[in-house]
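Colleague: Could you take me closely through one part of this model, a helix-to-helix contact, and then turn to a pocket elsewhere in the description?

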Amino acid sequence: MVAKTRISLLDWFSAFKIKTQERFDVFTPAALLVLGVTGVMFIYSAQLERHGTAWKAQCIFWVLGIAVYVVVSLIDYRIWLSYVHWIYIAALVPLVLVLVPGIGDSQFGAQRWINFGFFKFQPSETAKIAVLLMSAGILARSKIGNVFDSLGVLGKLALAAGVPIFLIFLQPDIKSAIVLPPVIFAMLYVSRLSLRFFAVVLGAFVLLVGVVAWDTACYVNFMQENGYSYQNSEQRDLYNKRSPLPFRGYQRNRILAFAAPNIIDQAGTGDSYNLNQSLISIGTGGLTGKGWRQGTQAKLGYLPTAVSHNDFIVSVIAEETGFLGSLTVISLFGLILFNSIRIAGLARDRFGTLIAIGVTMFFTVHVFVNIAMSIGLVPITGIPLPFISYGGSFLLCCCLLQGLVQSVYRFRRDFS
């Protein structure tokens with residue numbers, strides 16, 4: 001049971017509590033700082049030859065991120081339970097606005113950003129936070145039993161997550177959309193929903209994979225029958241009118257580059273190029289690496305400049321620090337994830353547990369998918385590596401989420 005769900009505006013002043021029954025948990029902040037310094041260092045290294053300034057912007061975002069982390073951790077997390085609906089609505093507004101021509105900034109065939117001139121805001125990042133809090137609020141207030149008894153709750157969750165996922169698909173931004181379902185399923189699991197539900201979901205997932213595989217095979221047949229080039233955007237997008245799936249040609253190419261690179265890119269210079277160069281970067285790093293700023297893949301432009309400092313930053317780290325450096329980064333993420341699970345277990349109410357578990361799954365998906373796509377275990381999706389990849393909106397989102405977990409730890413015994 002949540003001890004206190006209605007908090008007036010006057011209580012906001014008392015929500016900032018520097019001294020509580022428990023002080024700050026130091027493990028996660030220490031790991032975050034090390035990861036942050038690592039990210040800035042290797043963003044700088046990846047852009048060294050081109051005199052890029054992304055590392056300077058990342059430093060500014062880190063200063064803002066630290067401020068966000070501290071402020072959120074000082075606020076009693078239970079106060080958000082009274083305002084989750086307003087937070088959710090506020091997050092939906094920019095998701096709609098980014099789709100409006102003239103407001104949304106279109107790049108690389110996607111309309112995902114709102115350009116404020118000095119800063120590009122990505123609404124999908126705040127939507128992730130809103131969906132997590134909304135889902136945690138619904139589950140914290142609801143009684144969960146078997147699937148039949150929980151149909152109302154599942155319907156609310158489906159609606160709460162489905163609307164923003166649909167809007168994110170329209171951008172299109174599949175990488176952001178695929179993060180949300182695992183987060184919700186993780187929170188449902190700790191809510192002790194019947195395992196039959198997860199069996200059905202697993203079956204639906206297998207069916208979905210089958211549908212995607214069928215669609216991809218039809219795409220290959222369409223391209224080959226018409227003699228079209230996989231590298232011609234206009235020709236490959238002609239298949240979109242035949243397919244019921246909301247995919248673009250370049251997204252199908254990414255699936256093929258993972259599943260059948262010999263079909264789509266026999267020379268290895270097309271859609272599988274980034275992965276090939278990433279594997280070379282990681283493989284040439286050896287045990288201890290070539291040394292900071294001594295990597296050649298990004299420096300010479302083999303690892304493309306558009307991805308070396310964000311989506312494939314782990315490849316730069318692996319080349320310059322080797323297996324030991326990569327293992328250190330993975331270990332730091334492991335520390336953060338296990339510590340978040342520990343805090344979820346220490347939480348004294350469902351809302352706190354659900355927040356910590358949701359945040360843990362959020363970072364688990366990002367870390368696993370980013371590293372896995374860099375070594376060819378999953379298709380390339382463009383999911384960034386938390387706290388290391390370049391990106392202001394994403395970094396601020398990550399700092400806010402970790403601030404929520406810190407708040408769960410600090411206020412776990414402050415119940416009135």
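Modeller: What follows describes the contact first and the pocket second.

The model is a predicted one, and the contact in question joins helix α8, residues 180-190, to helix α15, residues 350-374, whose axes come within 8 Å of each other and cross at roughly 140 degrees. Because a crossing angle over 145 degrees would be needed for a roughly antiparallel pair, α8 is oblique to α15. The crossing in which α8 passes α15 is right-handed. On the side of α8, the residues that take part are Pro182, Val183, Ala186, Met187 and Val190, and they meet Leu354, Ile357, Gly358, Met361, Phe362 and Val365 of α15. By residue class, this contact of α8 with α15 is made up of 10 nonpolar residues and one polar residue, with no charged residue among them.

Turning to the pocket, the second largest one in the model has a volume of about 360 Å³. Its lining consists of 17 residues, and those that lie nearest the centre of the pocket are Ile87, Thr126, Ile129, Cys397 and Leu400. Two or more lining residues are given by each of the helices α4 (84-97), α5 (123-141) and α16 (392-410), and α16 supplies the largest share of the lining, with five residues. As for its chemical character, the lining of this second largest pocket divides into 15 nonpolar and two polar residues, and no charged residue belongs to it.

How values were computed: Residues numbered from 1 in each chain as written. Predicted model: local features only at pLDDT ≥ 70, side-chain atom pairs only at ≥ 80, totals over all residues. Heavy atoms only, no water. Axes fitted to C-alpha atoms, helices over the stretch in contact; angles between N-to-C directions. Helix = DSSP H or I, 4+ residues; strand = E, 2+ residues; numbered from the N terminus. Parallel < 35°, antiparallel > 145°, perpendicular 65-115°, else oblique. Left-handed = near helix turned anticlockwise from the far one by under 90°. Contact = heavy atoms within 4.5 Å. Nonpolar A, V, L, I, M, F, W, Y, C, P; charged D, E, K, R; others polar. 1 Å grid on protein atoms, 1.4 Å probe; cavity = no way out; pocket = protein on both sides within 12 Å on 5 of 7 lines; lining within 4 Å. Points joined across faces, edges and corners; volume = space filled by probe spheres on them.
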